[in-house]
Amino acid sequence: MVAEDEEAIGILIYRTLLEEGYLCDWARSGTEAAEFIERASYSLALLDIMLPGIDGYELLEYMKALDIPVIFVTAKGQLSDKVLGLKLGADDYIVKPFQISELLARVEAVLRRSGRNLTPIQIGDVQIDLVARQVLKNGRPVELTGKEFEILAELLNHKNVALSRAQIYEDVWNEIYTGETRTLDCHVQKLRKKLGWEDRIRTVFRVGYRLEV
């Protein structure tokens, strides 16, 4: 999960992580980040410190209780700030501005140190490799479009949870949801057919979709 209230930086981190094959949620405030934690599990959190609502220090305490590794990504660049963040329990500390290659390297290092692996996920006869962005069904490649794969990743990240159409649309298309459902529903129908998941990706009446695993 990324918790970042600066739009440009949030988009940069979020899109880069998706392109690298990570499942990712982006919270625009500390309050939203806390809500995300309530409904999904995470292998890593990238937290700004100066967030609206709940700041990064408070979120860090919550993350530690749930055994979620944390990297602070912040403009607070004084040595004393870095020492404080690390003493409070952050696993790493990155000062803005930063090189995106450095951020990716640190993400990989923290995941490796914490034992979070990114091995392929097996659900029935379907295998999903989130790093390679590859899907196999009965050992044969399934060709998914970029949006179909991101919808799949979103459903996997919230398996057995009813997701609203608005949440799926905004996370995948990174646009405000205006109530038009045809685009999303069409993609979901194609995803169901390609995976043979008509019974796994359930329509939740007047809400959206749920992946049953």
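Does R165 count as buried or exposed? In this predicted model, R165 counts as buried, at 16% relative accessibility, and its partner D185, with a relative accessible area of 14%, is buried as well. The two residues form a salt bridge in which the closest N and O atoms are 3.0 Å apart. Because D185 lies in helix α8 (residues 182-195) and R165 in helix α7 (residues 165-173), the pair ties together parts that are 20 residues apart in sequence.

A search of the whole structure finds 12 salt bridges, and one of them joins K96 to E6, with the closest N and O atoms 3.4 Å apart. Since K96 is placed in the loop between β5 and α5, and E6 in the loop between β1 (2-3) and α1 (7-19), this pair ties together parts that are 90 residues apart in sequence. K96 is buried, with a relative accessible area of 12%, whereas E6, at 38%, counts as partly exposed. Both residues belong to a network of salt bridges that also links E4 and D48. Beyond its neighbours within four places in sequence, K96 is in contact with several residues, including I9, V73, T74 and A75.

The strand that precedes this loop, β5 (92-95), runs parallel to strand β4 (residues 70-74), to which it is joined by four bridges; V73, for example, has I94 of β5 as its bridge partner. Together with helix α4 (residues 79-87), β4 and β5 make a right-handed β-α-β unit. A further salt bridge is formed by the side chains of K76 and D81 (3.9 Å, N to O), of which K76 is partly exposed, at 23%, while D81 is buried, at 16%.

How values were computed: Residues are numbered from 1 along each chain as its sequence is written. This is a predicted model: local features need pLDDT of at least 70, side-chain atom pairs count only at pLDDT 80 or more; totals for chains, interfaces and linings use all residues. Side-chain values use heavy atoms; hydrogens and water are left out. Helices (H or I, at least four residues) and strands (E, at least two) are DSSP runs, numbered from the N terminus. Contact means heavy atoms within 4.5 Å. Two strands pair if DSSP finds at least two bridges between them. A crossover is right-handed if, with the strands pointing away from the viewer, the path from the first strand over the helix to the second runs clockwise. A salt bridge is a side-chain nitrogen of Lys or Arg within 4 Å of a carboxyl oxygen of Asp or Glu. Buried means under 20% relative accessible area, exposed over 50%, partly exposed in between (1.4 Å probe, protein chains only).
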